[in-house]
Structures are given as structure tokens and as C-alpha cells.
Amino acid sequence: MVFNEDLTCLGGDGTPCNEKFLHAFKDVATLSAGRYLYALPLLWRLERFLNIGGEKRLRESIKIVHEFIENIIKCRIQDNESGREVDLLSRFIAASDENLENSLQFLRDFCIGFILAGRDTYTVLVWFYWLLSSRPEIERNILEEIKAIRNSNGKCIGDNYDLAELRQMHYLHAAISEAMRLYPTPTINTKVSQEEDIMPDGTFVGKGWFVAYTAYGMGRMENLWGKDCNDFVPERWLDNGMFKPESPYKYSAFHGGPRMCLGKDLAYVQMKLIAASMIEKFKIEVVDKAMCPEHLCLTNKMRDRLMVRVKERSMIVID
Ligand code: HEM
């Protein structure tokens with residue numbers, strides 16, 4: 001969607017170049033997040049200075065990521081000169097102020113931001129499928145909702161969904177929101193105060209102080225969500241069958257205020273589209289039902305892969 005390039009995450013026509021990029025991108029995310037885990041920040045700074053260990057790998061991986069994206073940007077700039085707008089990047093280039101914003105670095109960072117954001121949507125879906133696999137009644141409700149929408153529009157399984165149909169999926173919207181309440185990504189968000197400030201509750205914040213909130217913790221607080229705060233209950237998001245949004249200061253998965261996620265609506269479109277298309281065609285069964293996956297602290301990705309058995313629904317015999 002961002003630069004009309006198949007990153008071949010599912011194999012696809014995997015060219016070696018894309019595979020190299022994917023590994024490098026993963027390395028950059030893991031190694032830069034790893035800097036937070038050093039007891040003394042001086043240590044990773046020293047590694048960076050000496051160009052050794054993780055910092056050496058980080059530098060090499062960043063170079064691969066930058067080169068890959070810069071090549072695409074150069075192609076899109078050429079496409080734009082010939083008036084072709086094929087993706088978000090080319091539209092962005094066309095709309096940008098040429099002198100100020102069309103710098104390679106600016107466009108490169110724009111692309112990286114979008115790729116990172118795209119990863120959040122699938123991290124959420126993995127948790128969603130895991131939660132769903134132990135709650136057949138919730139999966140049934142989603143299937144019924146999808147079936148009703150298909151029937152009312154005279155469409156068949158496998159047909160494309162349009163935006164209006166996705167908007168009618170209130171129960172699925174609720175179920176995904178509920179999965180993100182329990183398993184938000186990122187789990188923690190940190191800001192540094194640029195100047196002294198007072199929080200709405202009167203708490204003083206000094207200049208240069210770190211302020212952090214945990215969306216993971218907030219999503220499980222009894223005083224915010226009630227006694228069943230640890231349970232997966234999509235119905236808490238519904239009012240007469242219609243999705244009822246919560247304040248971003250209570251449900252902080254997308255952040256709140258002026259720096260709130262700009263891609264929230266798009267993220268829901270993507271997640272609902274993928275979830276609805278998968279669920280109507282396939283049954284996804286988690287292999288080890290008793291296992292409770294561990295998650296990585298910052299990104300909330302599952303530490304290990306979630307092993308699932310995928311069965312085509314049309315082949316499932318009901319007895
Ligand atoms: C489930 C998926 C997603 C989650 C949970 C999520 C969450 C967040 C959060 C918590 C922030 C605030 C970061 C901060 O300033 O500390 C953010 C910012 C942002 N997100 Fe998302 N995001 C998701 C998907 C997307 C998608 C798909 C896009 C774009 C297509 C996107 C675009 C952005 C942008 C541009 C910002 C920066 C906003 C700003 O700083 O003004 N996000 N997102």
C-alpha cells in the first residue's frame with residue numbers, strides 16, 4: 001500500500017533482495033529496542049563508538065533498509081515525473097513541497113514509519129486468532145454477522161468487501177478492539193517533558209522528566225473496565241448491537257491527544273478485512289490450546305510463533 005512493493009512476507013515470488021530487507025528490518029527493530037535493556041546506556045554507546053557487537057549489526061542492517069527504500073523512492077520520483085501515482089508514496093511525493101520535504105531522508109522515514117505501523121496490525125491479529133480459538137461462541141457471532149452482511153448484499157464467500165460492508169461489522173470491530181484492550185501494541189509509551197508542566201490531576205512534571213503509561217496495564221484495570229477486566233468480552237463495546245467507542249484516555253491502544261495514531265481508521269479497515277476474509281473461509285485452531293503465549297515487553301509480539309492448524313470451512317464435516 002505504501003510503495004506498491006510486495007515484501008514477500010508470505011513467500012510470494014521472494015527475491016533475495018526482499019528477504020535481505022525483511023531480515024534487516026526485523027534486526028533494526030529488535031536491536032534498537034534492545035538498547036532500552038542495557039543497565040548502563042553507556043555500554044551500547046561504547047559498542048556504537050567501537051562499531052562492535054549488536055551496534056555493528058544494527059549499523060549494517062540500517063544500511064540495507066535505507067538502500068532498499070531509497071531505491072524505491074527514486075523509482076517513484078521518476079514515476080511521478082511521468083504523472084503516475086500508483087501508491088501512497090507517489091501521492092505523497094506529488095503533494096509535497098519540493099524544496100523542503102522531498103528530501104530522500106524525509107521520504108525514507110515516512111516509509112519506515114508506515115511499515116512499522118503496518119506491523120502493529122498483524123501483531124494484533126495473531127493475539128485475536130489466539131483468543132478466538134478458545135471462544136467458539138465469539139467466532140460463531142462473527143461468522144453470523146459476516147453471513148448476514150453477505151446475504152443482504154447478495155455476495156458470496158471470497159468476494160471482496162467494500163468499505164460500507166466493513167463498517168457494518170460492529171461485532172467484529174468490537175472483538176478486535178477487545179483483543180487490543182488485552183494485548184495492545186505497543187504496550188508502553190514514553191514521552192520526555194520539554195518543559196515543566198502540571199498534569200490534569202495536579203501532578204508536577206519537571207523539565208526533562210520521563211512520563212510513561214502502559215496501555216497493557218490500563219486495559220486490565222478493574223476500576224476502568226470492571227470485575228471482568230481480564231476476560232475477553234466483545235459485548236462490552238456494543239450498545240444495541242452498535243459499536244460504542246471508548247475515550248482514548250481510557251482505551252489508550254492508539255494513544256490520545258494531538259499525537260494520536262493517524263492510521264487508526266485504516267488499521268481497523270485492514271484488520272477487519274483480513275479477519276473477515278480469513279474467518280469466513282478458514283477455521284484457525286491453535287495447536288497447543290493449554291499454552292499461554294509469552295509476549296515481548298515493548299512490541300507485544302508473541303515471543304514464539306503461534307502454531308495453528310488451518311482448515312477450510314467447506315471441508316469441515318459437522319456431526
Ligand atoms: C493496530 C494497529 C496500530 C496501532 C495499535 C497503532 C498505535 C499507535 C500509537 C500508540 C501511536 C502513538 C505513538 C506515539 O506518539 O507515541 C501511533 C502513531 C501513529 N500511527 Fe499508528 N497504530 C496502528 C496502525 C497504524 C497504521 C496502519 C498507520 C498508517 C497507515 C498508522 C500511522 C500512524 C502515524 C502516522 C502515527 C504518528 C502520529 C503522530 O505522531 O502525529 N498507525 N500509532
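Start with the iron atom of the ligand and pick Cys261: its SG sits at 2.3 Å and is the only protein donor to that iron. Keep in mind that this is a predicted model. To place Cys261 along the chain, show the loop between strand 6 (242-243) and helix 12 (264-281).

Next, bring up everything around the ligand. You should get 22 residues, and the ones that come nearest are Thr185, Asn189, Lys191, Arg259 and Cys261. Now zoom in on the oxygen atoms of the ligand. Lys191 has a polar side-chain atom 2.5 Å from one ligand oxygen, and Asn189 puts one 2.8 Å from a ligand oxygen. Select Arg259 too: an N or O atom of its side chain is 2.6 Å from an oxygen atom of the ligand.

Try colouring that shell by class: 13 nonpolar, six polar and three charged residues. Then colour by element. Helix 6, strand 1 (188-192) and helix 12 each supply at least two shell residues, with helix 6 giving the most, five.

Now leave the ligand and go for the packing. Select Phe128, Ile142 and Ile176, which have the most contacts inside the largest nonpolar core, a set of 43 residues. Helix 6 (104-133), helix 7 (136-153), helix 9 (170-182), helix 12 and strand 7 (282-286) each give two or more residues to this core.

Stay on Ile176 for a moment. Beyond its neighbours within four places in sequence, Ile176 is in contact with Val124, Phe128, Tyr268, Met271, Lys272 and Ala275.

Last stop: a second, separate core of 20 residues, with Val2, Val65, Ile73 and Ile93 among them.

Note on methods. Residues are numbered from 1 along each chain as its sequence is written. This is a predicted model: local features need pLDDT of at least 70, side-chain atom pairs count only at pLDDT 80 or more; totals for chains, interfaces and linings use all residues. Side-chain values use heavy atoms; hydrogens and water are left out. Donors are N, O and S atoms within 2.8 Å of the metal (3.2 Å for Na, K and Ca); water is not among the atoms, so sites may look incomplete. Helices (H or I, at least four residues) and strands (E, at least two) are DSSP runs, numbered from the N terminus. A nonpolar core is a set of buried Ala, Val, Leu, Ile, Met, Phe, Trp, Tyr and Cys residues joined through side-chain atoms within 4.5 Å. Buried means under 20% relative accessible area, exposed over 50%, partly exposed in between (1.4 Å probe, protein chains only). Contact means heavy atoms within 4.5 Å. A residue is near a molecule or strand if one of its heavy atoms lies within 4 Å of it. A polar contact is a pair of N or O atoms within 3.5 Å; within protein, one must be able to donate a hydrogen and the other to accept it, and residues adjacent in sequence count only if both atoms are side-chain atoms. Ala, Val, Leu, Ile, Met, Phe, Trp, Tyr, Cys and Pro count as nonpolar, Asp, Glu, Lys and Arg as charged, and the others, Gly among them, as polar.
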